[in-house]
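Reader: I would like to go through this structure carefully, from the chains as wholes down to single residues. Please reason each answer through before you settle on it.

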Amino acid sequence: MKVQAQKLMEMTQLPLVVFLPLLLWCPDSFAQHTVRGTVTDATSNETLPGVNILVKGTDIGTATDLRGSFVLEAPDPSDSLVVSYIGYQTIEIGIDGREQLEVVMIPQVLTGEELVVVGYGTQRREDITSSVSRVTSNDFKTGDVKDPLQMLQGKVAGLNISNYSGSPNENVQISLRGQTTINGSTDPLVVVDGVPGGNLNSIAPEDIESIDILKDGSAAAIYGTRGTNGVILITTKQAEPGQVQLNYKGYSTVSTIKKKIEVLSAGDFRSINEGGHPLSDILSIQDYGYETNWLDAITRTPVSQVHNVTVSTGTQHSSVVASGAYRGLEGIFANSDRQEISGRLQYNQSLIEDRVDFAFNITTSQRDWSEFNDYAYQQAIWRNPTDRILDDDGNWQERNIREQFNPVGMMNEINDQRKSGNLTLSGKLTAEPVNGLRFSVLASRVTSDYIAGYSESKQHYSTTINGVNAYAWRETSKSIDQNLVITAEYNGQAGADHRFNVITGYDFQDFEDEDFFAENLDFPTDVFGFNNLGIGNGLQDGRAGISSGKSYSKLIAFFGRMNYSLREKYLLNISLRREGSTRFGENHKWGWFPAISAGWRISNEPFMRDVDFITSLKLRAGYGVTGTLPTQNNLSQTLLEFSDRGLINGEFIQGVVPASNPNPDLRWEKKKEINVGVDIAVLEGKLSATLDLFRRNTEDLLFEFPVPVPPNLYPTTIANTGSVLNEGIELSIDAFPVQTTNFFWNINFNISHLRNELQSINTNQFTTGQDFFYTGDTQPPIQNVTHRVQVGEPIGNFWTWKVSDLDEQGNWMFVDKDGNDIINEDDKFITGNGIPNLFAGFTNAFRYKNFDFSVTMRGVFGHQVLNFTRMHNETTAGRGGRNYPKSLLNQPFGSGTYIQDSPQIIDYFIEDGDFLKIDNITFGYSFPAWSQYVRNSRIYVSGNNLFTFTGYSGVDPEVNFGGLAPGNDNRAKFPTTRSFTLGIELGF
Amino acid sequence: MKYSEKFIHKIIWFAGSILIVILAGLSCTDLTEKSFTELRADGFFQTDEDIEKALVPVYSQLRQVCCGWQGNFDLQEETSDILITPTRGGSWFDGGTYIRLQLHNWSANQSQPGNLWNRTYTGINNTNRLLFQIENAEFEIPNEEILIAEIKVARAFYYRLLLDNFRNVPLITSFDVPEGFLPEQASPGELFDFIESEISTNLDLLSSNNDQSTYGRFNKWAALATLAKLYLNAEVYIGQPMWGKVIEVTDEIIDSGLFALEANYRVPFSSNNDQSNEMIFAIPFEVDVAEQFHIHMKSLHQANQRTYQLRSNPWNGTGVQPHFVDSYDSDDQRLYDTWLSGIQLAANGDTLMMSQNDSLIGKPLEYQNELLSIHDTAENDLFRIGKYEIAPNSSASLSTDFPVYRYADVLMMKAEAILRSGGNPAEAADLVNEVRARAFEPDEQVTPGELTTAINLYGIPVEFGRMLQELGWEFAAEGRRRSDLVRFGVYTTGSWGVDHIPNGDHRKIFAIPEDALNRNPNLAQNPGY
């Protein structure tokens with residue numbers, strides 16, 4: 001009883017216990033010396049509570065309070081203080097008679113003790129035998145961030161993040177270790193606090209504590225069919241026991257367009273018509289007599305703001321974190337907005353002498369947004385600059401010229417409103433009936449709702465030109481993912497030599513998606529917008545449609561993993577997953593995904609004892625098999641669908657036609673990956689490096705295989721055929737060249753090189769006579785493909801004609817590949833590749849006293865970009881009164897003539913896309929303690945996407961690098977921005 | 001001892017946990033797939049209500065075959081002396097596809113033959129599948145024999161298109177083929193015999209009505225017209241003329257008395273042409289319901305949107321070659337009924353303006369009978385296709401049914417057969433004049449002598465050349481010119497218009513599409529490609 005009562009005391013009077021040392025010390029002896037001070041973290045400048053402070057050579061000591069402050073009575077003013085804290089380097093400071101000390105603690109690097117999140121658990125960094133990268137919140141990119149993964153940009157070798165769209169509603173594009181698939185998904189699996197398939201959009205980036213990336217197959221194989229594109233494990237901020245904290249983070253961002261496409265001005269037009277302009281001889285242009293800068297007319301200087309408040313509290317046995325965030329983001333175009341409120345509540349409770357843990361989490365985000373119609377941007381680029389926005393009657397000035405519409409009118413006469421919500425509920429019960437054995441059940445449900453409305457008024461060109469008489473649609477969808485994970489884990493030790501961890505589990509997940517869409521047109525009035533669809537006449541006239549759909553799929557898996565450490569030197573990790581999916585064919589419902597990896601901690605060998613400068617050295621190698629799911633349901637079935645109508649007995653009735661060929665052998669894409677790595681830390685961790693070499697071979701590629709009709713029902717079958725190879729090298733270096741209390745410097749450098757090759761697209765069962773296929777689209781009027789995917793070549797090859805010169809009429813002179821005097825599809829060449837093969841990131845972070853400063857640079861090299869804007873617009877042919885880009889004035893090949901040929905897909909418009917960006921600069925100042933209520937306060941300014949060094953002439957060489965048609969810089973792409981942020985962080 | 005007991009204890013706990021995990025797992029391992037928006041194949045064709053739904057694709061596929069984008073219509077007309085789609089400024093280059101058709105430069109990669117191949121075989125597959133389903137149906141099918149006959153004739157119709165365009169194609173007549181089966185090409189003779197016998201043996205089972213119940217479907221008369229086309233081209237297909245059979249079959253249609261020429265040439269091309277007595281077989285189209293007939297969009301200038309109150313801008317592409325316009329007798333009403341020319345007005349009478357060439361912007365749109373070159377010509381060059389009625393508020397597709405066999409065609413086939421078989425030229429002239437009559441006011445007749453005399457056309461002497469011209473004036477832009485040019489020996493020998501010169505006799509038929517060769521290694525390429 002007494003013991004329990006004491007425990008109760010401890011629990012309820014915890015704050016008292018913490019303050020007790022302070023109360024006990026009272027300055028009653030003149031011989032003693034009172035020292036006051038605060039302890040802060042060298043990297044973040046945040047105060048550190050609970051830091052141990054001891055007068056050297058005595059047992060006199062104390063700990064810092066919640067605000068990182070301490071008061072200590074030292075026996076002598078010449079004593080030294082030993083300051084120590086878990087995760088930080090212990091330091092010794094001479095009091096030197098001072099009464100006030102500012103102690104700055106430097107985080108320990110690569111202690112090996114820190115925990116890394118891996119599949120279904122955590123592991124100590126020193127035990128890791130595969131390729132896993134971890135980024136914690138201190139290292140996240142700050143400033144204008146629209147998506148949690150953007151915070152990792154340039155930070156992780158091999159994880160390439162492209163923010164190619166300036167839209168606040170479009171997420172960044174991620175690729176890990178290359179293009180591994182043709183038709184499968186390329187998205188990495190995101191696991192949020194243990195819930196796989198978690199929705200990235202539902203988490204406020206500020207709520208994230210750390211992100212771990214499982215890069216290689218041996219680490220990701222435990223996630224089976226979804227592991228190929230890597231696994232991103234997100235851990236949200238947890239409460240720290242014994243503290244009540246309130247943190248506020250807020251910032252405001254102003255953005256500008258990264259680069260404007262230069263087009264001719266009204267003045268240029270007039271000088272062309274008056275003669276004397278270089279283009280006067282070949283152009284005469286319609287001059288409407290006005291002057292409008294169309295791009296300025298549809299853009300603005302957007303101001304965005306983000307606020308996040310997090311409160312956490314905890315005792316030894318329970319903790320609560322609650323946070324709320326608001327993001328109001330504006331894009332550079334009017335009508336491109338995002339307003340979002342998100343909230344999170346996390347509650348942890350230990351019961352029964354800490355044998356049972358219960359964790360409950362609820363996360364939600366509610367977003368209202370509107371999509372900008374990028375066709376208006378395209379129109380603004382080519383609209384005649386001598387025209388005006390409004391005509392004399394105050395209507396939008398339209399000209400009835402093909403495919404030319406007033407972009408300002410388009411923007412103002414469209415109403416686009418979308419709302420979406422995410423809600424994640426999860427609960428986890430963990431029991432530890434005996435020491436070392438943990439049994440847990442995690443259940444979660446993630447729901448996403450979406451409803452959108454879109455309308456075009458009667459002043460929109462759809463009515464004023466096309467006579468639609470107002471148009472509107474509504475769309476809604478809901479998806480529910482449910483997940484149940486049951487695991488049993490045992491941590492054991494046999495003697496001093498053997499340490500092991502075994503986990504086994506069951507994972508069930510199902511996905512249900514439902515959607516509905518209805519449109520209508522020919523409305524008696526447009527005042528209701530999309531809110532009263534029923535009053536339009538289009539549906540009953542058969543000119544508008546309704547659609548709805550539903551899909552359901554399931555994944556079920558059993559898995560197990562064993563980690564074994566022998567004498568802290570030899571590490572072995574074996575995992576196995578058996579997983580099945582409804583999407584697989586009848587003959588292959590279940591697959592095995594094994595992995596094995598081993599490590600050798602050389603620095604723990606006796607022969608390394610004398611090698612002092614090496615702090616740690618580990619060799620590791622791993623092999624693992626992961627899968628990629630087909631992206632759609634029902635691909636293995638013979639399905640019939642209702643399709644075209646036919647006239648039978650005077651009535652058009654709907655027919656039933658085949659929708660797919662059966663393929664009972666349909667299965668996952670199988671990626672086999674070998675990864676070899678070295679982790680080394682020298683000079684007590686001041687310099688550390690990780691080097692990884694990988695070779696990943698994806699077999700059984702999902703391919704929409706052309707098959708003969710007949711005998712087949714449908715001209716293509718989704719089959720597993722072919723293979724693709726990706727191999728590369730990744731190097732990551734961390735250095736702490738200066739680590740003093742006043743000056744702290746941290747360098748992170750990472751670089752990765754990648755090689756990709758499509759090895760085959762045929763199997764025994766499915767063969768085509770050709771070893772290539774075409775993909776990508778130039779868009780009208782060019783009407784051609786952009787890429788050829790060919791066996792023996794890397795994915796991403798551009799496939800275009802080559803030109804050698806312009807003739808006197810300004811027509812292209814083509815390279816006649818086969819020399820038959822006919823230029824046709826047989827005369828095309830591989831003229832570049834849209835996938836970069838070298839990525840580098842370089843971050844320098846400094847802190848001097850209360851100032852902090854960091855610069856992140858990012859380089860992407862070895863790829864080409866097809867400049868659609870130039871390809872379509874850089875010619876005088878068939879412009880139909882459209883404006884011209886200034887680049888038309890370039891005379892190709894020094895020919896002395898301007899391009900007057902039809903727009904075509906030629907190598908002339910393919911440019912090198914190599915770039916080096918100064919991606920982020922942040923300058924901050926942390927205020928010294930200025931109030932007993934304020935734990936820390938910091939103000940900072942930062943700039944994103946600031947400077948780009950590139951030879952590329954388009955808006956931004958950072959384009960879409962994913963998929964099968966990478967490097968296409970679409971002419972209507974939402975332009976990227978340069979942004980400036982002012983932020984405040986307060987901790988109470 | 002104590003330690004190891006504890007250890008064993010843990011092991012038991014662990015084993016028990018694993019057991020729970022496995023038990024939990026066993027409770028749900030069902031991976032049956034569900035579809036909510038498509039039919040499982042095994043759940044369809046269970047009742048006679050499903051028969052009509054299954055019959056629809058046999059016919060709806062014809063819309064793709066006749067008029068689908070970059071398909072048969074392009075092949076028959078853009079490779080000929082009548083239609084042309086020149087590049088206009090930057091537009092309609094489209095990777096050079098139309099230029100290659102007109103200049104006979106296509107390869108096995110050309111999209112249009114590939115599309116025709118795929119679309120036709122999809123239709124054949126639809127017929128084979130339906131025949132299989134009917135034969136294996138576990139319920140009573142009303143009028144099963146008639147239905148089977150109709151489907152087999154439809155299949156023969158698809159095969160005649162393949163014979164005409166590719167000559168050497170696989171003949172697949174059953175749905176239930178062994179796994180991995182890859183067909184081989186049949187000879188032209190085998191194909192010819194198959195088509196002939198399929199139609200002949202099923203002819204009498206087909207409905208001989210000509211009314212709403214048979215409209216757009218194969219009744220006896222549509223089957224006979226298909227047979228007549230087969231016989232008419234027998235010499236081209238298998239080197240064996242069959243003029244007598246052409247006369248026999250066309251006579252049967254004429255003698256039925258069910259069909260007649262319309263007094264007005266425009267009626268068979270109106271949006272109500274399903275009511276026309278001249279129509280023997282048509283492919284029904286209806287805006288918003290049964291689409292894909294884009295001929296007005298492909299041909300008209302953007303500004304014509306306001307003439308016809310179209311829902312979107314037309315695309316300003318295809319027109320008629322000036323030399324062909326010049327070949328008409330200026331009194332021939334068909335010149336004006338087939339082509340749009342001159343100043344273009346909006347529905348409200350406004351003059352339409354040009355908008356594409358910078359030097360022409362703002363000037364009135366006037367179609368002129370000129371062509372600079374297929375490689376570049378002005379936005380208002382060429383007369384446009386005005387044959388098919390464009391009902392107000394049409395979408396990108398028309399509500400006009402596409403005429404496959406008109407009664408005029410039957411009369412002209414008979415006339416040609418009489419001429420070629422050495423029959424009475426006067427009888428042939430009567431038939432041709434019967435067709436011409438409505439186009440001239442007053443009547444201007446062709447003489448038997450004009451029909452029998454060889455004339456110089458496109459730089460070469462052409463036997464019965466006047467007959468070829470008559471076919472052109474009557475059937476321009478009806479998706480058949482190539483076949484006529486081949487039969488008159490002009491297709492691969494004549495040089496017409498501004499740019500076209502012959503480019504090899506093998507171009508009478510198209511290359512087997514490379515895509516099809518790749519999918520089926522049993523296929524051999526046509527000679528010359």
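Reader: Where does B:Gln292 lie in chain B?

Author: This is a predicted model, and the backbone of B:Gln292 has a positive phi of about 105° although the residue is not a glycine. As for its place, B:Gln292 belongs to the loop between β3 (279-283) and α11 (295-299) of chain B.

Reader: What is the phi of A:Leu683, a residue other than glycine?

Author: A:Leu683 sits in the loop between β32 (669-682) and β33 (687-699) of chain A. Its phi is a positive value in a residue other than glycine, near 50°.

Reader: Which residue is joined to A:Pro781 by a cis peptide bond?

Author: A:Pro781 is placed in the loop between β38 (772-775) and β39 (787-790) of chain A. The cis peptide bond there has an omega of about 0°, and the partner it joins to A:Pro781 is A:Pro780.

Reader: And in chain B, which residue does a cis peptide bond join to B:Pro442?

Author: The loop that holds B:Pro442 runs between α16 (425-436) and α17 (448-452) of chain B. With omega at about 0°, the cis peptide bond joins B:Pro442 to B:Glu441.

Reader: Turning to chain A as a whole, what radius of gyration does it have, and how does that value stand against the globule rule?

Author: Chain A has 9 helices and 51 strands. For its 988 residues the globule rule gives 30 Å, and the value for chain A is close to that, so the chain is as compact as a globular protein of that length; its radius of gyration is 32 Å.

Reader: What share of the accessible surface of chain A belongs to carbon and sulfur atoms?

Author: The C-alpha trace of chain A spans about 100 × 65 × 60 Å along its principal axes, and 56% of the 988 residues count as buried. The accessible surface of the chain comes to about 38400 Å², and the share belonging to carbon and sulfur atoms is 54%.

Reader: How far apart are the mean positions of the positive and negative charges of chain B?

Author: Chain B comes to 20 helices and 11 strands, and its C-alpha trace spans about 120 × 60 × 45 Å along the principal axes. The chain has 40 positive and 73 negative charges, and the distance between the mean positions of the two sets is 7 Å.

Reader: Is A:Glu579 buried or exposed, given its relative accessibility?

Author: A:Glu579 is found in strand β27 (residues 570-581) of chain A, and beyond its neighbours within four places in sequence the residues in contact with it include A:Tyr223, A:Arg226, A:Lys589 and A:Trp590. Its relative accessibility is 1%, and because the limit for this class is under 20%, A:Glu579 counts as buried.

Reader: Which side chain makes a polar contact with the side chain of A:Glu579?

Author: The acidic side chain in question is the one carried by strand β27. Its polar contact is 2.9 Å long, and the partner is the side chain of A:Arg577.

Reader: Which residue of chain A is in contact with B:Ser91?

Author: B:Ser91 lies in the loop between β2 (83-84) and α4 (97-102) of chain B and is buried, with a relative accessible area of 7%. Leaving aside its neighbours within four places in sequence, B:Ser91 is in contact with B:Pro86 and B:Gln356 and, from chain A, with A:Arg402.

Reader: What side chain joins that of B:Asn316 in a polar contact?

Author: B:Asn316 lies in the loop between α12 (305-308) and β4 (319-320) of chain B and is buried, with a relative accessible area of 0%. Among the residues that B:Asn316 touches are B:Arg88, B:Trp92, B:Gln356 and B:Glu379, and B:Trp92, although 224 residues apart from it in sequence, is 8.6 Å away in space, C-alpha to C-alpha. The polar contact, at 2.5 Å, is with the side chain of B:Arg384.

Reader: Finally, what separation do the C-alpha atoms of A:Asp139 and A:Gln339 have?

Author: A:Asp139 lies in the loop between β10 (132-136) and β11 (159-162) of chain A, and at 38% relative accessibility it counts as partly exposed. A:Asp139 and A:Gln339 are 200 residues apart along the chain, and the separation of their C-alpha atoms is 26 Å.

Terms used:
Residues numbered from 1 in each chain as written. Chains lettered and ligands numbered in written order. Predicted model: local features only at pLDDT ≥ 70, side-chain atom pairs only at ≥ 80, totals over all residues. Heavy atoms only, no water. Helix = DSSP H or I, 4+ residues; strand = E, 2+ residues; numbered from the N terminus. Rg over C-alpha atoms; globule rule 2.2 N^0.38 Å. Buried < 20%, exposed > 50% of the residue type's maximum accessible area, 1.4 Å probe, protein only. Areas by Shrake-Rupley, 256 points an atom, 1.4 Å probe, with all protein chains shown as cover. Polar contact = N/O pair within 3.5 Å; in protein donor to acceptor, adjacent residues only side chain to side chain. Contact = heavy atoms within 4.5 Å. Lys, Arg positive; Asp, Glu negative; His and termini not counted. Charge placed at Lys NZ, Arg CZ, Asp CG, Glu CD.
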